[in-house]
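I opened my notebook to get to know a new structure. Come along, and I will jot down each thing as I look it up.

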Amino acid sequence: MSTGNPTVFRTLNERAALELLLRHGTLTRAELELHTGLSKASAAEVLRRLENGGLARKAGTKPGNAGPAAQMWELEGGAALVAGADLTADAVEVAVADLTGTVLGRHRAQAPGPGADAVEFLTAAVAAAAAEAGLGFDDLDQIVLGVPGIVESGGQRLSQAVQLSGWSHLDDLADLRDALGAERFRLENDVNLVAIRELADREGQSFVLLWIGGGVGAGAVLDGSLWRGVTGRGGEVGSVIVPDPVGRGRLYGPEGGPLGALLGAAPLAALAAAHGLSATPAASLAEVAALLREDSTESFLDDVAARVAVAVTAAVGVLDPGCVVLSGPLCVAGGEPLRARVAALLAPTGLAPVTVTVGRAGGGSVLEGAVRYALDLARERVFQAGTAGRTGEQIP
């Protein structure tokens with residue numbers, strides 16, 4: 001590659017301008033000069049090319065201290081359109097957004113019943129969300145589908161999804177891939193998407209997110225990047241064998257047992273009942289969350305915290321992330337009392353110092369993460385190509 005190629009320089013300058021517009025919302029030409037070091041003429045040329053290429057547009061004027069008002073510029077949201085979707089056993093929720101992250105349309109649909117065709121159902125749901133935004137299915141540049149299962153590292157196939165066993169054709173979403181093209185369709189584990197959403201507030205940081213809801217999962221973010229593992233199984237902690245958190249073999253016996261048998265709605269409901277709380281072993285996720293939030297006892301919280309601490313100890317010892325985020329509806333319901341107990345249990349263990357925080361509630365986090373990931377992928381393509389991608393210029 002020739003470093004003196006003018007197309008390369010233009011594309012690099014355009015990418016810098018697009019990233020600044022994304023970060024700041026609007027910029028004047030003078031502000032673009034300040035942030036990039038471009039000359040007045042070069043900054044003006046970059047903005048002209050971005051406008052002509054449909055990547056930026058004029059956004060009113062900014063009054064100055066003296067002289068005429070300065071023209072402001074912003075990203076052209078329609079330059080890329082994405083959809084994020086959250087598929088569960090019961091329903092799917094879809095959101096459509098433009099390049100700026102503005103949500104243009106939403107759609108939620110209940111699952112039609114056992115044996116439903118996942119491809120038909122998902123295609124219809126995404127099309128409905130696009131229609132609400134005044135768009136067609138083919139207008140979407142990227143779709144990210146969040147699922148509670150193991151997604152192969154390429155993001156194209158679902159290799160295991162016990163919680164979605166009622167769907168048919170879920171293991172082969174070729175029709176969706178064919179409609180968009182493989183590069184525009186991506187599957188992602190739901191807890192990984194929650195970690196991506198959490199990363200929006202923790203740019204560049206390292207943390208482990210522990211999700212406790214209907215099941216147990218984790219997402220590891222190292223130096224601002226999600227770690228999926230070689231096969232896509234990174235964060236699948238439910239089957240990890242852990243020691244008995246209460247000691248003396250009362251739960252597992254001396255050999256220990258799977259983490260999933262300690263955490264999640266059903267095991268925590270059984271624990272609540274053992275503490276005399278008004279719960280049955282078949283209590284719903286919402287009922288267990290309500291117990292943690294409103295009707296908990298000190299001893300119940302102590303035992304829940306002991307189980308959670310066991311779950312995060314291995315991750316902290318191996319990854320040294322500096323931060324553990326307790327997430328999912330049950331961790332959020334436990335709130336500060338649960339967080340404080342887990343932090344206190346980790347403090348004397350001799351592990352590396354770790355901050356324990358509570359993340360966002362379960363509702364909507366998977367969908368938000370799916371939209372954010374779709375935007376990340378679409379922006380990378382748009383910003384990388386710049387106007388050359390719109391004009392067909394070749395970048396050596």
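**Entry: strand β5.** I began with strand β5, residues 91-98, in what is a predicted model. I asked how many of the eight residues of β5 are buried. The count came to seven, so I noted the strand as mostly covered, buried meaning under 20% relative accessible area.

**Entry: the partners of β5.** Next I looked up what pairs with it. Strand β4 (residues 81-87) runs antiparallel to β5, and seven bridges join the two. I picked out one pair here: Leu-81 has Asp-98 in β5 as its bridge partner. Between β4 and β5 I found three residues, and the two strands form a hairpin.

Then I turned to strand β6, residues 103-110, which is also joined to β5 by seven bridges and runs antiparallel to β5. Ala-97 has its bridge partner, Val-103, in β6. β5 and β6 form a hairpin too, with four residues between them. In that turn I noted Gly-101, which has a positive phi of about 95°.

**Entry: the cores.** Which residues touch the most other members of the largest nonpolar core? I found Leu-32, Leu-50, Leu-99, Val-144, Leu-193, Phe-207 and Leu-209, out of 46 residues in this core. Among the elements that each supply at least two residues of this core are β5, α1 (6-24), α3 (40-52) and β11 (207-212). Helix α11 gives the largest share, 11 residues.

I also followed Val-144 to its contacts, leaving aside neighbours within four places in sequence. They include Ala-83, Gly-84 and Ala-85, as well as Leu-193, Tyr-373 and Leu-377. A second, separate core has 38 residues, including Leu-268, Leu-330, Leu-338 and Leu-346. I added a general reminder: in soluble globular proteins, nonpolar side chains tend to be buried together.

**Entry: helix α7.** I listed the buried residues of α7 (residues 265-274): Ala-265, Pro-267, Leu-268, Ala-269, Leu-271 and Ala-272. What do they pack against? I found β11, α8 (285-294), α9 (298-319) and α10 (328-346). Just after α7 comes Gly-276, with a positive phi of about 80°.

**Entry: Leu-12.** My last lookup was Leu-12, in helix α1. Is Leu-12 buried or exposed? I wrote down exposed, because its relative accessible area is 53% and the cut-off for exposed is over 50%. I also checked its distance to Phe-383: the two are 371 residues apart in sequence, and 8.8 Å apart in space from C-alpha to C-alpha.

Technical notes:
Residues are numbered from 1 along each chain as its sequence is written. This is a predicted model: local features need pLDDT of at least 70, side-chain atom pairs count only at pLDDT 80 or more; totals for chains, interfaces and linings use all residues. Side-chain values use heavy atoms; hydrogens and water are left out. Buried means under 20% relative accessible area, exposed over 50%, partly exposed in between (1.4 Å probe, protein chains only). Two strands pair if DSSP finds at least two bridges between them. A nonpolar core is a set of buried Ala, Val, Leu, Ile, Met, Phe, Trp, Tyr and Cys residues joined through side-chain atoms within 4.5 Å. Contact means heavy atoms within 4.5 Å.
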